[in-house]
Amino acid sequence: MEIHAKQARPDHQNRANRARMLISCPDGPGIVAAVSHFLHQHGANIVQSDQYTMDPSGGMFFMRIEFDLPQLENNLEKLKTDFAEVAGRFQMEWTLSAVSRKKRLAIFVSKEDHCLVELLWQWQAGDLDADIALVVSNHLDMKDYVESFGIPYHHIPVTADTKKEAEQRQLEVIGNDVDVIILARYMQIISPMFIEHYRNRIINIHHSFLPAFVGGKPYAQAYNRGVKIIGATAHYVTEELDGGPIIEQDVQRVSHGDDVTELKRIGRTIERVVLARAVKWHVEDRVLVHENKTVVF
């Protein structure tokens, strides 16, 4: 389940006073009115609002609001404290954050570079509204390229015998100020312990239009099956391998004339685009997770 709405770019002139609110709660009458009234009482001006209900009779309700509030930096904490009463009344799970506070990303990569390069390009161009705090890899292949951007590169080898120690080292270099981890074709399985630290904050790109062609050599499997479309899936990582909530997917038509090499080339293009979209939507607070599905505003 994915719900897409027209995306509005932040007005950079008002960015310092703009905030975002994400809300998930059981559906019922009065939610939108209560939130709007609360913001109006506190002097805020709503500039964008999106909402979706799974079922008006007992389903879940989801809402994303952007608003401007004069002197936001001085008023944000009081706003959070005051909103707790409204949230409690409607059993809301909610977040409230300043748009000016960019999310910090840690990118994990192995040897394939296409997804990492796409994220770096978009970040450098200003199209990815986030800070790339560091890159972690189990190989040295991308070290010089990443460091040319002024981004720290941490080489942490991983073997079957050292996986636990490697993950502990990864958590140490990430520290406490990374908001999202991006698996940009990082070819290692993440342990449940690591996932628990970053629940719904690890985004993976899978080289298939899930669920299909699991396991190794997906493009060879696709070629042997004579597929007519190939695709990629960006999803949050859970303990179920490649089974987490899907954020974005895309496909492209192929023909009998495309060999495995050509399928891989086409697949790399889809992967980099799909992952970049998913990361962009996450850092702009457009994704709400409910059970194993997402609502994407």
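The following questions and answers concern a predicted model and the criteria behind its structural labels. Residues are numbered from 1 along each chain as its sequence is written, local features need pLDDT of at least 70, side-chain atom pairs count only at pLDDT 80 or more, and totals for chains, interfaces and linings use all residues. Side-chain values use heavy atoms, with hydrogens and water left out.

Q: What makes β7 and β11 the edges of the open sheet?
A: Two strands pair if DSSP finds at least two bridges between them, strands being DSSP runs of E with at least two residues and helices runs of H or I with at least four, numbered from the N terminus. The seven strands have the order β7-β6-β5-β8-β9-β10-β11, with mixed pairing. β7 (153–155) and β11 (246–253) each have a single partner strand, so one side of each lacks a neighbour in the sheet. From one strand to the next, the twist averages 20°.

Q: How do you know that β10 and β11 are paired?
A: Seven bridges join β10 (residues 229–236) to β11, where the definition asks for at least two; the two strands therefore pair, and they run antiparallel. Within this pairing, Ile 229 stands opposite Arg 253 in β11.

Q: Why is Glu 271 called buried?
A: Buried means under 20% relative accessible area, exposed over 50%, and partly exposed in between (1.4 Å probe, protein chains only). Glu 271 has a relative accessible area of 1% and is therefore buried. This residue is found in helix α8 (residues 260–283). Leaving aside neighbours within four places in sequence, its contacts (heavy atoms within 4.5 Å) include His 114, Arg 185 and Tyr 219.

Q: Why is the pair of Tyr 52 and Phe 62 called stacked?
A: Rings of Phe, Tyr and Trp (its six-membered ring) pair if their centres lie within 6.5 Å; planes under 30 degrees apart count as stacked, over 60 as edge-to-face and the rest as tilted. By this rule there are eight aromatic pairs. The centres of Tyr 52 and Phe 62 are 6.4 Å apart and the planes are at 15°, so the pair is stacked. Tyr 52, at 22% relative accessibility, counts as partly exposed, whereas Phe 62, at 0%, counts as buried.

Q: What makes the pair of Phe 108 and Phe 194 edge-to-face?
A: The centres are 6.1 Å apart, with 70° between the planes, and this angle is over 60 degrees, so the label edge-to-face applies. Phe 108 lies in strand β5 and Phe 194 in helix α6 (residues 192–197), 86 residues apart.

Notes. Axes fitted to C-alpha atoms, helices over the stretch in contact; angles between N-to-C directions.
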